[in-house]
Amino acid sequence: MNTFNPLRRLLLRTSALAASMIALPLAHANPLPAESLYRLSVPLKDSQGRQFDWRALAGRPLLVTMFYGDCNAACPIIIENLRRTVDQVKPAPGRLAVLMVSLDPLYDTPDSLAQLASSHKLDPAIFRLAVAANETHTRAMAGALQIKYRAVTNGEINHTTRVCLLDANGKLLASSTQLSPLPDPAFVAQIRLALK
């Protein structure tokens with residue numbers, strides 16, 4: 001036979017209240033969709049030396065690609081294309097972000113990325129150049145973005161070019177593989193649609 005124990009009842013009520021307080025924020029949190037690329041955690045360091053996870057950019061449309069600083073072929077074209085694309089779209093302040101992640105975590109540093117951003121006159125309010133802590137994180141991000149790359153003996157990196165447009169939750173909306181300094185009209189239209 002159970003006897004009434006006021007202390008036990010108080011502990012049970014306190015436990016139930018604490019459990020409901022913990023569950024409340026989780027019940028209202030918007031879980032990421034199954035196809036969200038933000039399910040992948042990639043710790044990065046940007047050109048200002050700030051550490052962040054790329055998932056911190058969630059909440060607004062994001063253009064994301066990969067490149068490397070010493071590239072003299074495709075990467076300068078990708079950078080120019082992105083700069084012109086943003087100029088053409090003319091996003092309202094804070095509405096669009098561009099993340100460019102290095103394929104070369106061994107040699108690209110925050111300082112070298114800052115110099116690259118400055119030489120290309122990239123708006124720091126929109127563009128964020130970053131490098132992963134190691135090759136494993138770099139490969140994981142490249143895999144998620146469907147960018148293939150490999151280092152060759154002369155220090156260059158052969159890689160595919162792909163710019164991805166993600167929605168606020170990290171879902172892939174569109175991509176462009178166009179290698180031209182001029183914006184891809186179909187891709188620009190998709191970005192404008194995402195910003196509505």
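Begin by selecting helix H3 (110–119) together with the elements that cover its buried residues; these include strand S3 (62–67), helix H2 (74–89) and S5. The model on display is a predicted one. Within H3, colour Leu113, Leu116 and Ala117, which are the buried residues of this helix. Looking along the axis, one finds that these residues span an arc of only 100°, so they lie on the same side of H3. Now turn the view to the face directed away from that buried side: the exposed residues Asp111, Gln115, Ser118 and Ser119 are found there.

Next, move past the end of the helix. H3 is followed by lysine 121, located in the loop that leads from H3 to strand S5 (127–132). Its phi is positive, about 55°, although the residue is not a glycine. Most residues other than glycine have a negative phi. Display the surface at this point: lysine 121 has a relative accessible area of 70% and is therefore exposed.

A second residue may be inspected in the same manner. Select glutamine 146, in the loop between helix H4 (135–145) and strand S6 (149–151). Glutamine 146 is not a glycine, yet its phi is positive, near 60°. With a relative accessibility of 52%, glutamine 146 counts as exposed, because the cut-off is over 50%.

Return now to strand S3. Here 6 of the 6 residues are buried, so the strand is largely enclosed by the rest of the structure. In a regular strand, side chains alternate between the two faces of the sheet. Show the side chains of S3: Leu62, Val64 and Met66 point one way, Leu63, Thr65 and Phe67 point the other way, and all are buried. Add strand S4 (residues 97–102), which runs parallel to S3 and is joined to it by 6 bridges. To locate one of the pairings, select threonine 65, whose bridge partner in S4 is methionine 100.

The following stop is serine 47, in the loop between strand S1 (43–46) and strand S2 (51–53). Is this serine 47 buried or exposed? Its relative accessibility is 14%, so serine 47 counts as buried. Residues up to four places away in sequence being set aside, serine 47 touches Pro110, Leu113, Ala114 and Leu129. Leu113 was met earlier among the buried residues of H3. Display polar contacts as well: the side chain of serine 47 makes one with the side chain of glutamine 48, at 3.5 Å.

Then select aspartate 184, in the loop between strand S9 (172–176) and helix H5 (185–195). Aspartate 184 is buried but has no salt bridge. The nearest side chain of opposite charge belongs to arginine 162, 11 Å away. What does aspartate 184 contact, leaving aside neighbours within four places in sequence? Its contacts are Asn81, Ser176 and Gln178. For a polar atom of the aspartate 184 side chain, look towards alanine 186: the backbone nitrogen of that residue lies 3.1 Å away.

Finally, zoom out to the entire protein chain, which comprises 5 helices and 9 strands. Traced along the sequence, these elements follow the pattern α-β-β-β-α-β-α-β-α-β-β-β-β-α. The chain has 196 residues, of which 40% count as buried. Among contacts between residues at least 6 apart in sequence, 68% join residues at least 24 apart.

Definitions and conventions. Residues numbered from 1 in each chain as written. Predicted model: local features only at pLDDT ≥ 70, side-chain atom pairs only at ≥ 80, totals over all residues. Heavy atoms only, no water. Helix = DSSP H or I, 4+ residues; strand = E, 2+ residues; numbered from the N terminus. Buried < 20%, exposed > 50% of the residue type's maximum accessible area, 1.4 Å probe, protein only. Lys, Arg positive; Asp, Glu negative; His and termini not counted. Salt bridge = Lys/Arg side-chain N within 4 Å of Asp/Glu carboxyl O. Polar contact = N/O pair within 3.5 Å; in protein donor to acceptor, adjacent residues only side chain to side chain. Contact = heavy atoms within 4.5 Å. Arc of directions from axis to C-beta. Pairing = 2+ DSSP bridges.
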